[in-house]
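Me: Could you take a close look at one single spot in this model for me? Once that's done, please work outwards from there, and tell me how far the prediction can be trusted along the way.

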Amino acid sequence: MSDISFVRTDMLPEQEPPATTVGFVGWARANLFSSPLNAILSILSIVAVLFVLSVILPWAFMSSWNATSLTDCREQIAAAYGPDHHGACWAVIKDRWVQLVFGFYPPYPIDGTAHLGSPPEGAWPAYFRPIATFVLILTAVAPVLFDKLPRKMLLITAVFPFLMPWMMWGGTFWNPVGAMLGFGIGYLAYRFIAPIAGSLAGVIAAALLPIIWWLFLMGGFASTMQSIIALDIPTVNSRKFGGFTVSIFIGVVAIVGSLPLGIILALGRQSDLLIVKALCVGFIEFIRGVPLITLLFVASTLLNIFLPPGTEFDIILRVLIMVTLFASAYMAEVVRGGLAALPRGQYEAADALGLDYWKAQRLIIMPQALKISIPGIVSTFIGIFKDTTLVSIIAILDPLGLTAGIRANAQWNGIYWELFAFIAFVFFIFCFSMSRYSMYLERKLKTSH
Amino acid sequence: MKKSVFLGALTVASIAAGGAFAGTLDDVKARGKLNCGVTTGLVGFAAPDANGEWEGFDVGVCRAVAAAVLGDATAVEFVPTTGKTRFTALASGEIDLLARNTTWTFSRDVDLKFEFVGVNYYDGQGFMVPTNLGVTSAKDLDGATVCIQTGTTTELNLADFFRANSISYEPVPIETNAEAQQQYLAGACDVYTTDASGLAATRATFEAPDEHVLLPEIISKEPLGPLVRHGDNEWGDVVRWTLNALITAEELGVTSANIAEMAAGSNNPEINRLLGTEGSLGEMLGLSADWGKNALEAGGNYAELFEKNIGENTPIALSRGLNAQWTDGGLLYSPPFR
Amino acid sequence: MTVMTDPPKESFRLSMLIYDTRYRSITIQVVALLGFAAFFGWLIWNTSNNLAALGKEPSFRFLWEPAGYDINQRLLDYNSQSPHIRAAVIGVLNTLVIAVLGCITATIIGVLVGVLRLSKNWVISRLMGVYVETFRNVPVLLWIVLAMAIMIEIPPAPKEFRGDNATASVSLFGTVAVTNRGVYVPDPNFGSDRIGEDGTRLDEPTGWRVGLGDVDVNSSGMATYSFLGFEITPTLQFWAVIVSALIASVIVKIFGGDIARSLNGGQETTSPFRVTPGRLMLAVLLIAIIVLWSLMGMGISREVDGVSGGVFQISLDFLLVVAVLLVSLNISKRIKNRADDIQEKSGVRPTVWYIRLAVVVLPMAILLWALGLYFTYPELKGFNFKNGLHLRNSLIALWLALSLYTAAFIAEIVRSGIMAISKGQSEAANALGLSSGRTMRLIVLPQALRVIIPPMISNYLNLTKNSSLAIAVGYFDITGTLMGVTLNQTGRELETVLLGMLIYLTISLSISMAMNWYNESVKLKER
């Protein structure tokens, strides 16, 4: 039969898809106008975005960068864009950005009164110490965050908590050395006492001896060594800290300090010991139940009353203590999450190997639990970093606190949006990049199992 | 493992100010720095410039005291304080002296245990309204919205004033002068009330100062002065007489321009005692003989400080008014240097 | 063959406290407790020494002295002559107002944004992404300050409503006035006797009011409070409140189950009116609140020689409205349950929505009519708008900033909650022919809820705690009153800050208790 002629023997050539489903049109149909409701929503959103941009962009870009005062700014903008235009006066940022970044930190600590741009004899570059500290923070954190980096860099991480305060505050180098020696003493004490008097006595000695060292002997050690080999850099009073330097400093110290405290609290909360558990839960719930601002009030008004008569820490140190306690309660919850996420088998395996509690924690549990907790730790850090703006309420001149000072200056009296926009922008850059990292890590952890 | 950051930090930065409640003078000398509490920023009275140098009228008092005690007007650590933290900072010994336009009141002097060493600015609480509101007296303000700075005596005065006159108002509490200025200009409140000096200073920085007027009522007395802790009379004397030295110097015509030649000796014995070329006033205070000279060289006498920071040639443009010498009909009256 | 022998009975030796694991834990705990007690004692010892050196004695007596300052937003009667404690109570109420308002709006915005972020509409999902990232990554304090600045700069000042050539007008048919001093909305009122001769609202409401206790003035002009003939001294009030709250919660905690069972007649029952530990707790709490109020001198509204401090009032009208609303909502819910039962049994759902609506609306309408409900509308009088409910700038700015900020976090929680539901669920719903809206509402969200609620609790807590930043915009919450002006005026740092922390702690713990209770009730019941 020749009905066969009805059957096509060759394939039809591939046709172009209809023009309405490919390219921009197709994309727009699928993603913007898939239904009448969607179309209306899309158009409304686009109009809203355009409206907001039409207000913000001319303000931000038809602006003045070179002016000496607000009045000058207004005249320049009126001259350039007409009298009805409201433009930003970014000149205030240009004039004060150094202050917003470094606060009152002396540019050349060797001579506290020298101004920026007139370095005294033999001084390091301006703001060498805060910048070097910032670089040190980055190098110390890098090996923790990116495991492709050489493991040897972890040594920097281990030393960094001791070096950082010294680099910012100055004084003799023997102070951080002495602080580190405390750990050496603790280790040696455990090493030698544990075989003789048993493991618990070893732990107690390893905890007590360093504390005695730090509280009573270290000062003498540092000054003796200093008189033998002088290794010191000029001291900078922490009242001079300000601007973003103080935000970063408080944030980093709080996180670094809260990590060990948080681990101890988390272990205490998981412990079978009723009283220890109750104390830890009480502490964590108390700190998490009150706003940070009340703890800062405690730092600014009460902490000196709680300590023995005559002891006086400066305000930055008191704030550091309270913010660290605050962070440690949140950190404890993060670490507890990490501990809970570990499979039960890990604990049992450690028991089966005959490891005691501390060994099991040190070798099996903590390394894994902490690794799982890193995203949580990063988000805690973002939270703490943002919360450092609260210190402006107790008169520490962080960027927000400095705005009051800048606006009280006769030149810039009356300025508003520019300062806040700049501060918000810088915070956004910092926090956004950290949260991106945290997301990246979460994805990586998810796929690794 | 990293717990020691803290302990390390403690030893690095802790300052053991043993016996902070007595012997402040010795503490300051030993430290080589004066810790002086100021505001976080108030136009003309205290604000940092682009280099981080503090300047202003209250700052001038701090510098004079530092110069008198340490011979160096720059040996001051300025501690910014808020209305809430200022008294604790002073009571706990964190600062040696509070020069933060603080009103001298009974309860602060007696109950809070502070010692006001004198008055460096006589002020009073006033009201500022836009001219086109047509208000000529504060008693016409029934139902008005009033911007007011919190944490000061002004809100108590305001409550008393409106209660005494049986009129109502809507308070809008605000933290800083800058915020108050913004709200007032935007019309979020009808009236702005604070110390008259602050009102004048704020008004002077407006784009159109003529459109705003200060009402005639001054509803309170606000003697602003530096204060120290109760119970340390030596230190109180030092600050009190440094302030008096600034005032006396104006009265005697000693300025930073002619101080060098005056210090060489003059035929006015009181000037000689003030500048340390005669008598032993410095020794009695536990200071060097030329303490008065140092204090005056820091920023000039009272009149010079006033003119430089808040006087009529500055944007703030305050007239001397009550703060003129008693010989000119004002209230400044320093006890004699004898 | 091994012979089983009992281990030799050891007599107790002191060294066993360290080496025997049975006793070691006790040793460690006792040491920890002693250490803690010693540390605490050391702090208290230091504090008392320092305070003695400063010449200050810790005392809460200042709380009963006149506060001297005015508060603009007050939910209870307050004037500058009222005591500090009353200012603190006003502050607590303001904190609660902002917390409740903020949590509600943050939830609504957060859920909406979280769902829209997963939308297939490219513009919408990107826009929501930008919103979430912007708000999450900038400090909340900055948002609060910026929101306040916007509220001040953008809306018109009241003077622009004035005159013949006014540039602004009252919107929504003359009922809502948006000004840069806040928003004025219609204010519901009861009774017809509260409009004065000149048409203005009288300050003293004259609805039915009731109170316990009485206020009087003694010979030295101080207000004294008495209840059932006993004079209430400040110390007595303080301890009575503390002790009664403690006793009440301990009793309910321990005997809650038993009491509930015995009240139910000793048997398990499914009656809707059965007593449950939760309801019991609620009742005890209500009683505790009444005790608290009466002890604080809740009195018959009465001004004695110009002193009206210490008088708390409840409007009976308001209580009646709340009671009727609760009852009708309950009935409505039971109608729904019955409809559900019928649907389960017969497969056909009776149409009940109009009955349910009527059950809620009708009684309320009748009640409101009987009580003489009327609205006052904002009118420009003198310097400001008068009448109407005034939502102040500070409240709106704080509310807006806190809810937008928290909503960004809630959106992320909702999004991850939705994404945690397996795709099979929505595919199954599609196969059943449910629309995408119904799929979301009936299938996905109820399941996601179980993942969402626990992190949501901590966000509600954060919002409540962040409300303490109210001082930045001059909103008088507890931080602004007790830990702000009161602290400033009295110089009592220790007492005010500790009391403030205690109050925040109580609020936080109550919120997490309530939310955990709710969480238990929606949790997947495993049988």
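**A loop residue, and outwards from there**

Reply: Let's start at Ser166(B), which counts as exposed because it has 8 C-beta neighbours inside 10 Å, and the cut-off for that label is 12 or fewer. Bear in mind that this is a predicted model. Ser166(B) sits in the loop that runs from α6 (154-164) to β11 (169-174) of chain B. What catches the eye is the backbone: phi is positive, about 50°, although Ser166(B) is not a glycine. Most residues other than glycine have a negative phi.

There's a useful counterpart in chain A. Ala395(A) isn't a glycine either, and its phi is positive at about 70°. Ala395(A) also belongs to a loop, the one between α14 (357-387) and α15 (399-407) of chain A. Is Ala395(A) buried or exposed? Ala395(A) counts as buried, because 23 C-beta neighbours fall inside 10 Å, and the bar for that is 20 or more.

The sequence neighbour Ile396(A) is among the residues that Val319(A) touches, along with Ile250(A), Leu296(A), Ala299(A) and Val391(A), leaving out residues up to four places away in sequence. Val319(A) is also one of the best-connected members of the largest nonpolar core, which has 286 residues. Leu296(A), Cys62(B), Ile144(C) and Leu398(C) are the others that touch the most fellow members. As background, nonpolar side chains in soluble globular proteins tend to be buried together.

Zooming out to chain A, you get 16 helices and 3 strands. The radius of gyration is 30 Å against the 22 Å that the globule rule gives for 449 residues, so chain A is more spread out than a compact globule. Its C-alpha atoms fill a box of roughly 105 × 80 × 45 Å along the principal axes. Buried residues make up 39% of chain A. Chain A is split into domain 1 (24-60) and domain 2 (172-233), whose C-alpha centres are 65 Å apart.

Back to chain B, this time for its partner. The contact with chain C takes 31 residues from chain B and 29 from chain C. On the chain C side, the elements giving two or more residues are α2 (21-54), α5 (140-153) and α14 (478-490), and α14(C) supplies the largest share, 5 residues. That side divides into 11 nonpolar, 13 polar and 5 charged residues. Chain C itself is divided into domain 1 (17-54) and domain 2 (58-166 + 392-527), with 39 Å between their C-alpha centres.

Now for trust. The predictor gives the complex an ipTM of 0.88 and a pTM of 0.85. Chain B averages a pLDDT of 86, and 93% of its residues score at least 70. Still, residues 1-21 of chain B stay under 50, though the model has 60 contacts for them beyond four places in sequence. Chain C averages 78, with 74% of residues at 70 or above. Within chain C, helix α11 (residues 393-420) has the highest mean, 94, while strand β4 (residues 209-210) has the lowest, 39. The pLDDT is below 50 over residues 192-214 of chain C, and residues 297-314 of chain C stay under 50 too.

Methods
Residues are numbered from 1 along each chain as its sequence is written. Chains are lettered from A and ligands numbered from 1 in the order in which they are written. Domain bounds come from an automatic or database domain assignment. Helices (H or I, at least four residues) and strands (E, at least two) are DSSP runs, numbered from the N terminus. The radius of gyration is taken over C-alpha atoms; the globule rule is 2.2 Å times the number of residues to the power 0.38. Two residues are in contact if their C-beta atoms, placed from the backbone, lie within 7 Å. Ala, Val, Leu, Ile, Met, Phe, Trp, Tyr, Cys and Pro count as nonpolar, Asp, Glu, Lys and Arg as charged, and the others, Gly among them, as polar. A nonpolar core is a set of buried Ala, Val, Leu, Ile, Met, Phe, Trp, Tyr and Cys residues joined through C-beta atoms within 7 Å. pLDDT is the predictor's confidence in each residue, from 0 to 100.
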